[in-house]
Amino acid sequence: MIKEKKSLKASKSPSRRKFFKTAAATGVAAVAASSLAAPAVAAERVEAAMVATWPRDFPGLGTGAQRLAKRIADMSDGRIQVTYYAANERVKAFDSFDEVASGNSQMYHGADYYWVKKHPAFGYFTASPFGFTYSEINAWIHHAGGQELWDELTDDFGTQSFIAGNTGVQMGGWFNKKIRSANDLKGLKMRMPGLGGQVLGKLGGSPISLPGGQIYENLVSGAIDATEWVGPWNDEAMKFHEAAKYYYYPGMHEPGSMLACGVNKSWFTSLTKSDQTIIKTACAWADEITMAEYNAKNGAALARLVNENGVKLEKFNDKVYDAFAKGAQEVYDEVQQHSDLAARVHKAFVKARKEIGAWTNLSDSPYISQRNRALGIS
Ligand code: CA
């Protein structure tokens, strides 16, 4: 009964009336009538392979990507099947981009700053030194022209990227000595990818880009002197506290690292609008849910690191931060020279940082500072 009512109601709508009129005129009335009882064409099953830059089950990053793959299947009642491959299960972590650009796989989950050697502007679309926080980068991407620039960048490679997670402000890293001035960074071999790594290079350090699964062994063996990774929840799982004593904050290099779901563009645009929307909506959901998980778990993990594992928590002083800022400016000066697109992305980034950052400065920052001061929260 209910079904009939719905059909009846639908047939009375102006658009339906118009459709019947057109259909009758073109001699396909019989097909149109049968479509009232059931969809004329069954939605197609879609199969996609998603490769990732993260180890399987790695908290937040790996689990977040796996959750996204499952969410896409759930949102489509299993019609869109995404087979997930963690790093090294189908391709190596840093081969994920080429895998999707070539069409061998349809999707990747990773961090787009891993591709800065392909184009330095990729650095802006994960996190960049002295850049955006989580809420700021989302404002830029969704509402202030960021996605359009990101699309222009990826278009040259035959891919498209969507926000699909965020780690929040990252920690400054793990060291075996105190960092009192920029001099202490000279000669330091440190794992730090993206443009942040290049800032370290400007200060005389040796930045090294290693996928997550290889950092611990390199730190333990002494092949690298220091590393950054993410924050307490992830870093605790990596057991860096077994190899380094000082844990610095805050990281200037990744103030809100945006994770990306990259798709092969010709595959993606071959999907129905509805399926494209399912995937994009699942990515936006993954962004929010991942950030929430980091915020929920970082505090307790930090307490365990300090209280149970003897980690020394240290804050970068103003002198070190000023040196980072100078190095960052040198890096940005170079990035802008790369190409017209790099210059435009940089310009847009600076403008958005100023405008969106002015509001953060008047809202989140003073509120949190006043709340914690008045209530004695530290
Ligand atoms: Ca990092």
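Biologist: What is the relative accessible area of Phe-130?

Modeller: This is a predicted model, in which local features need pLDDT of at least 70 and side-chain atom pairs count only at pLDDT 80 or more, while totals for chains, interfaces and linings use all residues. Residues are numbered from 1 along each chain as its sequence is written, and side-chain values use heavy atoms, with hydrogens and water left out. A residue is called buried under 20% relative accessible area, exposed over 50% and partly exposed in between, with a 1.4 Å probe and protein chains only. Phe-130 counts as partly exposed, its relative accessible area being 26%.

Biologist: How many aromatic pairs does a search of the whole structure find?

Modeller: Rings of Phe, Tyr and Trp (its six-membered ring) pair if their centres lie within 6.5 Å, and they count as stacked with planes under 30 degrees apart, as edge-to-face over 60 and as tilted for the rest. By that rule, the count for the whole structure is 30.

Biologist: What is the angle between the planes of Tyr-108 and Trp-115?

Modeller: These two rings form an edge-to-face pair, with 5.7 Å from centre to centre and 80° between the planes. Tyr-108 and Trp-115 are both buried, and the angle asked for is 80°.

Biologist: How many residues apart in sequence are the parts that Phe-130 and Tyr-321 tie together?

Modeller: Phe-130 and Tyr-321 also pair edge-to-face, their centres 5.6 Å apart and their planes at 70°. Helices (H or I, at least four residues) and strands (E, at least two) are DSSP runs numbered from the N terminus. Phe-130 lies in the loop between strand E3 (107–110) and helix H6 (134–143), and Tyr-321 in helix H13, so the pair joins parts whose separation in sequence is 191 residues.

Biologist: Which residues form one aromatic cluster?

Modeller: Tyr-108 and Trp-115, the buried pair named above, belong to this cluster. The full membership is Trp-54, Phe-94, Phe-97, Tyr-108, Tyr-113, Tyr-114, Trp-115, Phe-122 and Phe-157.

Biologist: Which residues coordinate the calcium ion?

Modeller: Donors are N, O and S atoms within 2.8 Å of the metal (3.2 Å for Na, K and Ca), and since water is not among the atoms, sites may look incomplete. Here the coordinating atoms stand at 2.2 to 2.8 Å from the calcium ion, and Glu-228 is listed with two OE entries. The residues that provide the donors are Gln-170, Glu-228, Trp-229 and Glu-254.

Biologist: How are the donor residues of the calcium ion spaced in sequence, and how many residues apart are the parts that Gln-170 and Trp-229 tie together?

Modeller: The spacing of the donor residues reads Q-x57-E-W-x24-E. Gln-170 lies in the loop between strand E4 (159–166) and strand E5 (173–175), and Trp-229 in the loop between strand E8 (226–227) and helix H10 (232–238), so the parts tied together by this pair are 59 residues apart in sequence. Gln-170 is buried at 3% relative accessible area, and Trp-229 is buried at 4%. The answers are therefore Q-x57-E-W-x24-E and 59 residues.

Biologist: Which residue forms a salt bridge with Glu-228?

Modeller: A salt bridge is a side-chain nitrogen of Lys or Arg within 4 Å of a carboxyl oxygen of Asp or Glu, and the one at Glu-228 measures 2.4 Å from N to O, with Arg-191 on the other side. Glu-228 lies in the loop between E8 and H10 and its partner in strand E6, so the two tie together parts that are 37 residues apart in sequence. Glu-228 is buried at 0% relative accessibility, as is, also at 0%, Arg-191.

Biologist: Which ring lies under Arg-90?

Modeller: A charge sits over a ring if NZ of Lys or CZ of Arg is within 6 Å of the ring centre and within 35 degrees of the ring normal. Arg-90 is partly exposed, with 37% relative accessible area, and makes a salt bridge with Glu-99 at 3.2 Å between the closest N and O atoms. At 4.9 Å from the ring centre, Arg-90 also lies over the face of Tyr-85.

Biologist: Which residues of helix H8 are buried?

Modeller: The cover over the buried residues of H8 (residues 194–202) includes strand E6 (189–191), strand E7 (206–208) and helix H13 (318–338), where contact means heavy atoms within 4.5 Å. Just after H8, Gly-204 takes a positive phi of about 95°. The buried residues are Gly-194, Leu-195, Gly-196, Gly-197, Val-199 and Leu-200.
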